[in-house]
Amino acid sequence: MNTAIVVGASSGIGQEIASRLITKGWRVALAARRRSLLLPLLDKAPNGSIAVQLDVCEDSAVTLLDQIFQRMGHVDLYFHVSGIGKMNASLLPDIEESTVLTNAYGFTRMVGEAYRLMTAQGGGHIAVVSSIAGVRGLGAAPSYSATKAFQHFYLQALEQQAHVSKTKVGFTEIRPGFIDTPLLKGSHFPMTMPLGYAVDRIMRAVEAHRHVVIIDWRYRVLVFLWRCVPACLWRRMNVGILQKR
């Protein structure tokens with residue numbers, strides 16, 4: 001039986017990913033800050049599945065991840081869905097700091113530890129839900145776009161390391177645009193994707209062991225256009241900045 005760890009399984013995307021894995025018969029370890037939100041999923045999961053209260057920003061997170069690996073035995077898939085993001089053109093310090101703490105510090109310690117543990121067990125697959133926001137610096141969400149860029153390069157570096165050292169650990173980075181989840185409740189963004197539609201494509205990318213995938217084709221076009229904009233023009237663009245102050 002395949003085994004997976006889903007960190008951030010209480011979020012809209014994380015819940016749906018965990019549900020898909022359970023439906024396919026995977027034994028899962030569900031982790032999130034609020035364990036109570038994981039219990040309905042755990043009730044449907046195969047025997048041997050567990051639910052753990054884990055906050056990626058807490059000092060105990062790495063120790064808990066080690067314990068989860070020990071309890072699950074060989075882990076085939078580590079799925080990192082934990083992350084936060086808010087528009088913050090006003091640079092409110094608490095938003096900037098919490099975003100960096102979760103998306104950079106928490107991300108690094110968890111994905112890095114998962115990589116070390118999978119290397120020790122002889123291989124595995126690490127999948128991360130990041131964002132297209134890391135492609136360019138977005139003035140409306142400085143810390144969010146910066147931490148997502150950090151994730152892009154960190155995963156790229158680990159994948160290079162794994163390839164050169166012949167470590168049998170694969171990586172899939174998923175870069176979605178706006179997805180209709182509780183995180184966006186009350187907001188109206190263009191090209192927002194239904195949750196089920198987005199997760200369908202996320203699961204296909206992971207099953208195919210894609211290296212990097214942008215969800216969906218409209219966002220692939222948008223990212224291509226963003227990359228074509230010269231820096232001298234990009235710095236003059238109002239990408240949602242004035243409206244969000």
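Visitor: Before we look at the sheet, when do two strands count as a pair?
Guide: Two strands pair if DSSP finds at least two bridges between them. Keep in mind that this is a predicted model.

Visitor: Okay, so in what order do the strands of the sheet come?
Guide: The order is β3-β2-β1-β4-β5-β6-β7, seven strands in an open sheet. Their pairing is parallel.

Visitor: Which strands are at the edges?
Guide: Those are β3 (50–53) and β7 (212–215), and each of them pairs on one side only.

Visitor: And how much is the twist from one strand to the next?
Guide: On average, 15°.

Visitor: Let's zoom in. How many bridges join β4 and β5?
Guide: Four bridges, with β4 (residues 77–80) and β5 (residues 124–129) running in the parallel sense. Look for Phe79, which stands opposite Ala127 in β5.

Visitor: Switching to helices: which strands does α5 lie across?
Guide: Helix α5 lies across β5 and β6 (169–176), and its angle to β6 is about 160°.

Visitor: What about α5 and α4, how do they pack?
Guide: α4 (residues 93–121) and α5 (residues 142–164) pack at an angle of about 15°, and their axes are 9 Å apart. Angles under 35 degrees count as roughly parallel, so α4 and α5 are roughly parallel to each other.

Visitor: Is that crossing left-handed or right-handed?
Guide: Right-handed.

Visitor: Which residues make the contact?
Guide: From α4, they include Ile95, Val100, Phe107 and Tyr115. From α5, Tyr144, Phe150, Leu155 and Leu158 are among them.

Visitor: How many are nonpolar, polar or charged?
Guide: The contact of α4 with α5 has 13 nonpolar residues, eight polar and two charged.

Methods:
Residues are numbered from 1 along each chain as its sequence is written. This is a predicted model: local features need pLDDT of at least 70, side-chain atom pairs count only at pLDDT 80 or more; totals for chains, interfaces and linings use all residues. Side-chain values use heavy atoms; hydrogens and water are left out. Axes are lines fitted to C-alpha atoms, for helices over the stretch in contact, and angles run from 0 to 180 degrees between N-to-C directions. Helices (H or I, at least four residues) and strands (E, at least two) are DSSP runs, numbered from the N terminus. Angles under 35 degrees count as roughly parallel, over 145 as roughly antiparallel, 65 to 115 as roughly perpendicular and the rest as oblique. A crossing is left-handed if the near helix is turned anticlockwise from the far one by less than a right angle, and right-handed if clockwise. Contact means heavy atoms within 4.5 Å. Ala, Val, Leu, Ile, Met, Phe, Trp, Tyr, Cys and Pro count as nonpolar, Asp, Glu, Lys and Arg as charged, and the others, Gly among them, as polar.
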